[in-house]
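Trainee: I should like to work through a protein model by asking about its parts in turn. May we begin once it is displayed?

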Amino acid sequence: MTAVPTPEVVDERPPQGGGRRRVNVYMIAGGLLLFPPYGVMGAVAYSRSRRLAGIDHLESQTQALKARDRSLAAMGIGAAILVILLIVAIFTLNDFAVARGYFDFEVIREALPSMTRAFLRLNVSLAIVSELIVIPWSIAIALARGSKSKAVAPIRLMVLMYGDLFRGIPALLTLLIVGYGIPRSGIPVLSKISPFWAMVIALTLVYGAYVSEVIRSGISSIPRGQLLAARAIGLTEYQAARYVVLPQAIRVVTPALLGWFVVLIKDTSLVSVLGLLDAVNIARIGVVNYASLTPLVAAALLFLIATVPLTRLTDMLLARTQARMQGQ
């Protein structure tokens with residue numbers, strides 16, 4: 001009688017090599033060192049994982065995952081606590097010298113009203129007016145750049161050169177060239193415009209070069225079949241772009257456009273180099289008058305109040321767009 005060979009039993013458990021043990025031990029040690037309450041739980045889970053390694057593979061892996069997660073949480077909490085302690089130490093050392101120099105609430109109370117008026121009158125209004133011009137300007141640039149018609153080839157070349165030029169030159173240089181150059185140009189109309197509108201022109205030129213690429217990417221994301229279908233029902237290329245392609249493209253890139261608007265608000269502070277009394281220049285004058293750096297912190301708070309809600313709105317719209325694209 002021929003003996004039936006016994007099938008070979010293959011152990012599919014992952015190898016428990018020394019390198020992996022060393023990595024786990026380092027994680028456990030880091031958790032114990034930085035935040036012991038969580039680190040102890042991670043060490044206990046790791047010990048259980050090692051004991052069950054040859055008995056219950058599934059439970060061993062479960063405990064290993066718990067050990068890793070709790071050790072990482074301990075290291076994260078511990079690192080956050082160390083950063084907070086470092087900040088507290090910086091502000092309390094030398095008899096609270098840093099705290100008094102940056103956070104003098106009496107100085108904030110006196111300087112904030114005039115700074116807020118300058119912020120609303122110049123920084124915010126400059127950002128809003130520039131954005132209202134940048135959007136249609138960028139759409140026109142994006143359509144010209146994406147056109148395949150041979151008739152607009154010269155315009156397409158000029159648009160390409162425009163984008164390369166203003167994306168390559170620092171925004172501050174553009175503001176200086178336009179802000180000082182237009183009043184001295186001698187052109188009958190342009191030489192008499194106010195510094196505010198000179199800055200609007202400069203910011204439009206700079207951000208039009210960037211935002212047009214964002215809009216062009218949104219247009220490129222729309223399936224070409226939709227454009228062909230629009231042309232098939234009798235729409236012209238302009239009508240198809242206006243009624244079919246652009247609405248969808250703008251919806252796709254709205255989070256990115258809001259992100260660029262946040263950057264635009266912050267870059268309005270660059271107008272201070274031209275002597276305009278915006279929030280930053282008022283803060284610089286306050287530094288001299290009060291012999292304190294607190295006015296600069298107050299100006300930073302104004303920009304934070306304006307930009308943080310927009311940043312959170314951008315994140316929310318981006319998450320909603322991603323969920324819609326994934327069919328959720």
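Trainee: In which helix does threonine 204 lie?

Mentor: This is a predicted model, and the answer is read from its helices. The helix in question covers residues 195–221, and threonine 204 lies within that range. The helix is α7.

Trainee: Is threonine 204 buried or exposed?

Mentor: A residue counts as buried under 20% relative accessible area. Threonine 204 has a relative accessibility of 8%, so it falls under that cut-off. Threonine 204 is therefore buried.

Trainee: Which backbone oxygen does the side chain of threonine 204 reach?

Mentor: A polar contact requires N or O atoms within 3.5 Å. The side chain of threonine 204 reaches a backbone oxygen at 2.7 Å. That oxygen belongs to valine 200.

Trainee: Which residues does threonine 204 touch, not counting those up to four places away in sequence?

Mentor: Residues up to four places away in sequence are set aside here. What remains for threonine 204 is a list of five names: Ser130, Ile133, Val134, Trp137 and Tyr162.

Trainee: Two aromatic residues appear there. What kind of aromatic pair do tryptophan 137 and tyrosine 162 form?

Mentor: The ring centres of tryptophan 137 and tyrosine 162 are 5.8 Å apart, and their planes meet at 85°. Planes over 60 degrees apart count as edge-to-face. The pair formed by tryptophan 137 and tyrosine 162 is thus edge-to-face.

Trainee: How many residues apart in sequence are the parts that this pair ties together?

Mentor: Tryptophan 137 lies in helix α4, whereas tyrosine 162 lies in helix α5, residues 153–168. Because the two rings sit in these two helices, the pair ties together parts of the chain separated in sequence by 25 residues.

Trainee: Which residue joins Trp137 and Tyr162 in one aromatic cluster?

Mentor: The two partners differ in accessibility: tryptophan 137 is partly exposed at 34%, and tyrosine 162 is buried at 11%. Trp137 and Tyr162 belong to one aromatic cluster together with Phe166.

Trainee: Which element gives the largest share of the largest nonpolar core?

Mentor: This core has 47 residues, and those that touch the most other members are Met115, Met199, Ile215, Ile219 and Val271. The elements that give two or more residues to the core are α4, α6, α7, α9, α10 and α11. The largest share, 11 residues, comes from α7.

Trainee: Why might such residues gather in this way?

Mentor: In soluble globular proteins, nonpolar side chains tend to be buried together. In this model, one of the core residues, methionine 199, is in contact with Leu126, Leu175, Gly179, Val271, Leu274 and Leu276, leaving aside neighbours within four places in sequence. The tendency asked about is that nonpolar side chains tend to be buried together.

Trainee: How many helices does the chain have?

Mentor: The elements, taken from the N terminus on, run α-α-α-α-α-α-α-α-α-α-α. The number of strands is zero. The number of helices is 11.

Trainee: What is the radius of gyration of the chain?

Mentor: The C-alpha trace spans about 110 × 75 × 30 Å along its principal axes. For 328 residues the globule rule gives 20 Å, and the chain is well over this value, so it is more spread out than a compact globule. The radius of gyration is 30 Å.

Trainee: How far apart in space are aspartate 56 and threonine 204, C-alpha to C-alpha?

Mentor: Aspartate 56 is found in the loop between α2 and α3, and at 35% relative accessibility it counts as partly exposed. Aspartate 56 and threonine 204 are 148 residues apart in sequence. In space, C-alpha to C-alpha, they are separated by 66 Å.

Trainee: Which residue in the loop between α10 and α11 has a positive phi?

Mentor: The residue is other than glycine, and its phi is near 50°. At 72% relative accessibility it counts as exposed, because exposed means over 50%. The residue is alanine 291.

Methods:
Residues are numbered from 1 along each chain as its sequence is written. This is a predicted model: local features need pLDDT of at least 70, side-chain atom pairs count only at pLDDT 80 or more; totals for chains, interfaces and linings use all residues. Side-chain values use heavy atoms; hydrogens and water are left out. Helices (H or I, at least four residues) and strands (E, at least two) are DSSP runs, numbered from the N terminus. Buried means under 20% relative accessible area, exposed over 50%, partly exposed in between (1.4 Å probe, protein chains only). A polar contact is a pair of N or O atoms within 3.5 Å; within protein, one must be able to donate a hydrogen and the other to accept it, and residues adjacent in sequence count only if both atoms are side-chain atoms. Contact means heavy atoms within 4.5 Å. A nonpolar core is a set of buried Ala, Val, Leu, Ile, Met, Phe, Trp, Tyr and Cys residues joined through side-chain atoms within 4.5 Å. Rings of Phe, Tyr and Trp (its six-membered ring) pair if their centres lie within 6.5 Å; planes under 30 degrees apart count as stacked, over 60 as edge-to-face and the rest as tilted. The radius of gyration is taken over C-alpha atoms; the globule rule is 2.2 Å times the number of residues to the power 0.38.
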